[in-house]
Structures are given as structure tokens and as C-alpha cells.
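Here are my notes for you, point by point. Have the viewer open while you read.

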Number of protein chains: 2
Amino acid sequence: MNVKEALNGLKKFEEQSFALGHAMGLLSYDSSTVAPKQSVKALTVTQGELSRMSYELTTAPETAEMIETLHANAKELDFVTARKAEELYRDLDRIRRIPKDLYVEYQKLCVESDAVWHDAKVNNDYPSFKPLLQRIFDMTKQIALCIEPGKDPYDTQLDNFERGLTAATCEKFFDTLKKGIVPLLGKVTSSPEQVREPLLEGVFPVAVQRDFSAYVMNVMGLDPERSVIGETEHPFTTDFSKYDVRITTHYHEDDLLSSMYSVIHEGGHALYELNIGDELTMSCLGGGVSMGIHESQSRFYENIIGRSREFCGLILPWLREHFPDRLSALTQERLYRAVNASAPSLIRTEADELTYCLHIMVRFELERMMFAGNITAEDLPAEWNRLYKEYLGIDVPDDRRGVLQDSHWSFGGIGYFPSYAIGSAYGAQYLDEMNKSFNVADAVSAGNFSLIADWFRERIWKFGRLYDPTELFNRVCGQFRPEVYIKYLENKFNVIYGLTT
Amino acid sequence: MNVKEALNGLKKFEEQSFALGHAMGLLSYDSSTVAPKQSVKALTVTQGELSRMSYELTTAPETAEMIETLHANAKELDFVTARKAEELYRDLDRIRRIPKDLYVEYQKLCVESDAVWHDAKVNNDYPSFKPLLQRIFDMTKQIALCIEPGKDPYDTQLDNFERGLTAATCEKFFDTLKKGIVPLLGKVTSSPEQVREPLLEGVFPVAVQRDFSAYVMNVMGLDPERSVIGETEHPFTTDFSKYDVRITTHYHEDDLLSSMYSVIHEGGHALYELNIGDELTMSCLGGGVSMGIHESQSRFYENIIGRSREFCGLILPWLREHFPDRLSALTQERLYRAVNASAPSLIRTEADELTYCLHIMVRFELERMMFAGNITAEDLPAEWNRLYKEYLGIDVPDDRRGVLQDSHWSFGGIGYFPSYAIGSAYGAQYLDEMNKSFNVADAVSAGNFSLIADWFRERIWKFGRLYDPTELFNRVCGQFRPEVYIKYLENKFNVIYGLTT
């Protein structure tokens, strides 16, 4: 096969691969949003067969020859195509090490497990999920060992979500965070200035919350011709191309902030995917480069923008107009303090900025213990509760608000969670850099979100998977300095809680 | 390949074929219900690739050998497997005659065309749809001629939707209908007892209509664990297996009956799919056998049940309770007369039983003229309007309520429409037969829909594609006698309109 033939083969391969990924992604999205309960019977078959087709397509001799030809002749290729060859070669090398039957069985297990988790969470029934969760952990580890036999399988998992990340790096990072956050949190929780906003307690009709989501998506600049919102047990974002990005949320009648911040968070993910370069979308370099970079976008919008004083001022008129009975007395300052109320809590997705990373550390520890074989799925609820007591000082009343709260493990996302903490910390450095280009607070006050989007698009979004995530971040921010994040938190919470520094 | 090997191959083929069909079906359903507008850019690629995979799977040498082996050894097979071999052999024989590129191009055209039709209807913009519609007609005819070179391509299309149906049979059937319906309609429209129900005019909030749909689906016995409702421009039903059936409707705030009868109609389709035999669902004999039989179920529920006096009595309390301001004065008799008000109208899906088949005849004539090359897409709106004047005596005010109203042509469903008329006529014979088993009116009064469902399940639904549609109908009703339908209409409308017989 010569390079020209390989380039033709690449185009064909990318279309086929895109089609299968699109179909599998939609089947998964649909099952979380729209599909009736028993559809899982057919879904397992379909996802199994499509993943088999995907495996066979990727590992077919002609595909392998195409990829190897391009990889061996990378110097003749333009930069984008050479990067495609590099990534495809890596993917091929890894997937070939997994036996086909194991690969397919794992995909089917994840489909089944996700459905069982959903019901288990709704019914607060951990025992029904336990055997599948154990199999998920076992099989994920087994596959990680296939891919990298000589490496700690948990490091392989971390690398799947954030290229190059290791447990040792995480530990060091979490130590830095702990040293900064724990004393600050101690001062906050013992401060006499406790924040509680009675105006935000009570009932906020879901129908109006839905309108609020549409308003927020519009403020953020999500193109309605290319993005939609659905409703799920656990909020998430999925994309099939830059022309079709789906976010989801979960409405709680008694908690306006929960869906509001999940919409802003998922909206951040969506903006990234909506702004991938035209020439990369639907190719093997389409989509966000890693979960760390992805979460750095979503957490930036959720917290650095969404929990800023200026954003509170921006959305206040809408809230007062649409909840006149409840919120007419709300002020910008009261809203700002309310959305930044810091206190140890049960639910990660609803945690304030200060306690958020402690939720991540609990999951990191549990995943490592599971992978090390120190605990089993039988032990997970008790260990979860023990670590929540240790890290956050609170008692977990039930598994629904404990070990069952997140969907990640049910779909095999072991090693995903640290990305949230890294992404959160990245955000503080973006803010410093962005402020060198324009005044971010002024842009938010003015509702000028296109300034922020333009900045990210040119530096991160449009590149898709073109650069390694660490390289991409370093190009924008120099290098990773967690202390910038600690400083950001200190500055913010010292003021809110009237602490002397 | 021996029979045992072929049987293993069959199982594998059925799973792969099911998976691709499931994925393509969901992509299509999603694009009509949830997907953002620009998703069509990726959808066209994905549906094209998946249809190419489906074509390649079906025509692969090993698939062909498997099917031919089973077909040649049908006597050794159990009845179900022999029927699978027979149907697969026919499918293979037909699909092989279509060049692959043409097959794929046609699938992509249908995806694109459906999206363009949708916008054209919303914007009343026929010119934007015209060139695609012409291509749909041209390419559908071209493919029909590939499949059966020696046959009138319109007969091939009719056969695709109702095995064995020809234009000549349709003509004869429509003549019989016209002879019965036109004089009756003449008497009805000149009757002094004109039906108009002012209580049903005005605004019925969509939120309450949604609740009503849920109520109606429950009354009909649609299992909520296996069926859901969505909202689309044009109502339809799609199924991926008996475990996942989707119906859709379109809500009009000023027309309660429109969504009510589309839900009952689509509910009839759904009941059929929900009750396919366990051993047939997800196999190549799963799903309803033909559109004629399918429409005979949906039209039976919509009209013979849904427009009966007893059904009106059954649902009246719900309507009065949920629309107390508007409908507290509504009586069973007034509702019965209102839902059977007969008058020539613009929209097929909202037509009364008496005028309905005239809408079908218009489409039948237009399709035949298009296939004969007597008119082009350029002429369609004017020809549509001319035939509405001729058949129904009314003027069509715009294309949105004229030639653009139905989705069928946009997805290549040329030759589908006669199934609605045949299905409608079948219903009257089912009613006679069903009344030999139990009193249908009493069952409806009592809300005992499981009696009706049991009757259909044992005679039609559970068999899937196991029998030829004509054979299936004849097993239940002897043979097709359109005069039974005419008699049913005469009896019903003579009473409603106080006509002397």
C-alpha cells in the first residue's frame, strides 16, 4: 500500500468509524434520556454487535496496513494527517492487545450495568448493583493489564482520561490541595459569618426551571441549531460532531441551584465540542482532547464564571422576573454569597468550590483500593461513608446520596474523577491569562460571553485532539501551578467569609 | 456449508442485521424528535455508512451461502426457520439487483430529503423541497426497476408495502369505495343535521393534552416499560423490538382531537409491535408483516374503537375533569357526534372516516402520474390542489396544508398510502369477527381493552412476518370484502346524520 492509497483508506476508515461511534453514542444517550426501561434487552445486543464491528473495522488487516503505512511515512504528511497517523497507530496498538470477545463482553457489561445502576440509585438499592460493579472493576483492570502489561493498571486508567497522568502525580497534587484547602475550610466553617439564603429554599416549579435552562444556554452562547438539552438521572454531555452536541440536567423542584449549575457545567463541555475546528470534527482528531481539559472548561464556566459576582448580577433580573413571589427581594450580593456558601455536603455535583476536590479525593482513594484488591464491591459503601467522614466530616445517610450518586463507575469510567480536580485547578490559571487579554469580570457583567468563547476557541477548542493535553495547557498557561488555584480560592473565600488573611 | 453451519450463521447474521437496523431506526427517530437542526450534516454520513454496512452484510458471500443453504434445505427446517430462509432469500435476491452505490446514495437522499421536507412544511416553502422530491421519485422508480425489471415500477412499490398489491387491485378497490362513499357523503353534506361542537373549539393547553395522551395510552394498554411517546411534525410509530416501541404525536393548542386521534392511531401500531411473539422479535420475522395489516390495526383503534359511542363515554369523565372550564357540559352523545362530524377537509390525518379514503385516492393518482412521467415535481402542488377540488370539493389554501402535509414521500414511502385505505376497510371485517367472540361495544364501555388485545394478539400480532399478509387476513376474516366496510360506514353515518336508508 502506498501513501496515496493509505490516504484514501484513511478517509473511508474515518467515515466508517465515525458512523459506528455516532450510532453507539446516540444509543447510549437515548437510553439515558428517552428510551423505555425494557429497551435495554435489545440495547445490549446492539451495542455489543456495533462494538464488535468497530473492533473488527479497526483491527482489519487493511486498516492496520493503512495506519502503519501512514505512520511509517509521517514525514511526507501534513501536520494534521501526521497527527492522525500517530493517534491511530497508538489506538490500534492498544486495541489489538485486547481479545475481541473480552472487548465486546465489556461493552455489553457497561450497557447492562448502566441500566442496573440507574434503578439501583432511584431505589437506593446498592445490593442489586454490587455484583455488576465488581465485574466492572475486575474487567476494567483486566483490560488495562492487556493494554499495558508492565504498568500499574490504575495508571493506565488515568492515562485513558488524561494522557500522561499517574497516581503519583495525583497524590502530589491532592497533597498540595489538601494543604491549602483544609485549613481554609476550617476557618470558613468556624466563621461567624455563616451563609444561608432562605429565599432559595422552597419550591421552584420544574417548568420554569426548564425555561431558565434555555435562558442560561442562550447567555452562554450555545448555538440552538447545534445543541439541545435533555433530562437524565445524572447530568452529562455527549457529542456526535460539532453539529450535534447534547447536554442533560436533572431538575429538583426544591433546588434551583442544582440544575442551574449542572446546565452551566455541561454547557462548558458543550462549548468546547461546538467549537472544534471544522476540518477536525467527524475525524479521528475531532472532540475534546482529554477529560482534564474538558473538565477545565466545564468547571471554569460553572465556578469561575458561574459563581462570580458579575454572573449573579447578570442573571438576577431573569430570576426576579420569573420567580416574582419568591425572589423579588434577592440582590446580587445575596445571590453571590448564596451560590458560594461553603459547607461539607453529600453530593459532588452540587458541592461548592472549596469542598469539591475533597469529593474527588474520596473517589480516587476508593478506586485505588479496589484496583489494589484491598477492598471489594462488598466493602465500597462502608468505605465510602468512612472516607466522607474523614475528608468532609459528615455522615452519609443512604447509598443513593453515597456510593450510588455518580454514574461513572457504571459505564466503566474508573480513573475519570481526578480529571475534575485537575480541570478545576487549571481554571484559575486560565483566568489569570484571560485577564491579560480583557477584563473577564467586565465581560461577564456585560453578558459578553463571545469574548470568553473567542479566547478559548483560538487557544484550546478549535484544536480538538491535535495536541497532547499537557502540551495544550502549557501553550496557554506556561505550566501547571496548583498554587494559583489555592490562591484563587483563598482570595475568594476570605472575602466572602470575612476572614483575616 | 452444511445446514448446521448455516443455522449458526443465521443467528449471527440476525444479530448483526438487527443491530444495524436498530441503530439506523434510532438515528431516524431521534432526528425527528430530539436532534438539533444541524445534526443532519453528520446524520447523512452515518446513515449512508450504516446502510452500506447493511448492504455489505446482506450481500456478503458467506451470508449468501448461508441463506442459499437454508433455502435449498427448507424441508429439514422447522416452520419458523424455513420461513426465515424464504424471506431472507427473497430479500437477498432483491437487494443484490440494486447497485451498492445507488442503494447508499438513496439512503442518504432520504435522510437529507426528510430534513428539507420538515423545514419546507414549517415554512410553507414547497420550492425548497421540489428538487429533492423529484430526485426521490426518480430514484425510487429506478430502484424499483432494478428489483423487478419486467414489472410496472409502481406495482413494485405497492408490493413493498403490501405484498401482492397492484395498481389494478387498488383501482378496483377504490372504485368500490367511491361508489359507496360518494353518494353517502353527498347525503351527509346536504343533511340538515350538521354536526358542529362549539365546546371543542378554543384553547386546550398542550400540557394537559400531554397528560391526556398518557391517559389514552394507559387505557389502550400500552406497556409503559416498553413504549414511549415523543413529539414530531408528523405523527408516526417506530419500533426497534417488542421491548422498545416509540409513538409520536403533534399537539395543536386549538385542536384537542388532532393529537387524541393521532395517539390512538399510533397506539394501534404500537400494540401490534409490542405483541410480536417473543421468539420472533429481533429476528428477521419480527415486526408487523405489512403496512396494510399495520394500518388495519391503527385505523381499527382510531376509528372503529376510538370513534365509537362507547369510547366517547369511557373517556368523557377524564376530559370533563381535566378541562372543567370548557367541557363540563359535554355529553357522551355530543362527543360521539363531534368526533364523527363528516365534512371534506384539508388534512388526511384529521379526516373523518367517510372522507378519509378520498385523501388516499388523491395521493394514489399523483404517485401513478409521477411514476408514469405524466407530471413532475413542478406540477405536484397544482395537481394536488386540482384533485382535492375534484375529490373533496375544497380549495387548498397553501402547500403546508396541501402537498407538503405528509412526510411519506420525503422518506421514499411512495406506494405506502393505499395501505391506509385497505387497512381501514379490513377493520370492519375484524369488527364482525370479533363480535362473534365477545361484545366489542360492551368491552369498550367497560374499558376492557385486554379482550380486544388478546383477540388480535392470538390472530395477528404474535405472528410477526410469519405469514403472507393476505393469508394472515384471510385466516381471520375469510376473504377481503370491501362491501362490509361500506355497510359499516352507511350504518354509522345514516344514524348520526338522521338519513333514511
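1. A word on terms before the sheet comes up: two strands count as paired if DSSP finds at least two bridges between them. Also keep in mind that this is a predicted model.

2. With that in hand, go to chain B. Three strands there make an open sheet, in the order E1-E3-E2, and the pairing is mixed. Strand E1 (227-231) and strand E2 (237-241) of chain B are the edge strands, each pairing on one side only. From one strand to the next, the twist averages 20°.

3. Which way do E1(B) and strand E3 (residues 244-249) of chain B run relative to each other, parallel or antiparallel? They run parallel, and five bridges join them. If you want a spot to zoom in on, pick B:Gly230, which stands opposite B:Thr248 in E3(B).

4. Now the two chains together. A turn of 180° with a shift of 0.0 Å along the axis lays chain B on chain A, and the RMSD comes out at 0.0 Å. The two copies are therefore related as by a two-fold rotation axis. In chain B, the C-alpha nearest that axis belongs to B:Ala23, at 2.9 Å from it. Both copies use the same surface: 100% of the contact residues of chain B recur in chain A.

5. What does the contact between the chains draw on? It takes 32 residues from chain B and 33 residues from chain A. On the side of chain B that touches chain A, helix H1 (3-33), helix H2 (40-59), E1 and E2 of chain B each supply at least two residues. H1(B) gives the largest share, nine residues. Sorted by class, that side of chain B has 17 nonpolar, seven polar and eight charged residues. Note that E1 and E2 of chain B, the edge strands from point 2, turn up again among these contributors.

6. On to the layout within one chain. Chain A is divided into domain 1 (3-151) and domain 2 (167-496), and the C-alpha centres of these two domains lie 27 Å apart. Their contact takes 32 residues from domain 1 of chain A and 32 residues from domain 2 of chain A.

7. Staying with domain 1 of chain A, look at the side that touches domain 2 of chain A. Helix H1 (3-33), helix H4 (79-95), helix H5 (100-122) and helix H6 (126-147) of chain A each supply at least two of its residues. By class, this side of domain 1 of chain A has 14 nonpolar, 10 polar and eight charged residues.

8. One residue to click on in chain A is A:Val122, which lies in helix H5 of chain A. Is A:Val122 buried or exposed? A:Val122 counts as exposed, because it has 11 C-beta neighbours inside 10 Å, and the cut-off for exposed is 12 or fewer. The C-alpha atoms of A:Val122 and A:Gln405 are separated by 9.7 Å, although the two residues are 283 residues apart along the chain.

9. Last stop, a loop in chain B. B:Asp278 sits in the loop between helix H10 (256-274) and helix H11 (291-305) of chain B. With 9 other C-beta atoms within 10 Å, B:Asp278 is exposed too. B:Asp278 and B:Gly306 are 28 residues apart along the chain, and their C-alpha atoms are separated by 28 Å.

Key
Residues numbered from 1 in each chain as written. Chains lettered and ligands numbered in written order. Predicted model: local features only at pLDDT ≥ 70, side-chain atom pairs only at ≥ 80, totals over all residues. Least-squares fit on C-alpha atoms with pLDDT ≥ 70 in both. Contact = placed C-beta atoms within 7 Å. Helix = DSSP H or I, 4+ residues; strand = E, 2+ residues; numbered from the N terminus. Axes fitted to C-alpha atoms, helices over the stretch in contact; angles between N-to-C directions. Domains from an automatic or database assignment. Nonpolar A, V, L, I, M, F, W, Y, C, P; charged D, E, K, R; others polar. Buried ≥ 20, exposed ≤ 12 C-beta atoms within 10 Å, placed from the backbone.
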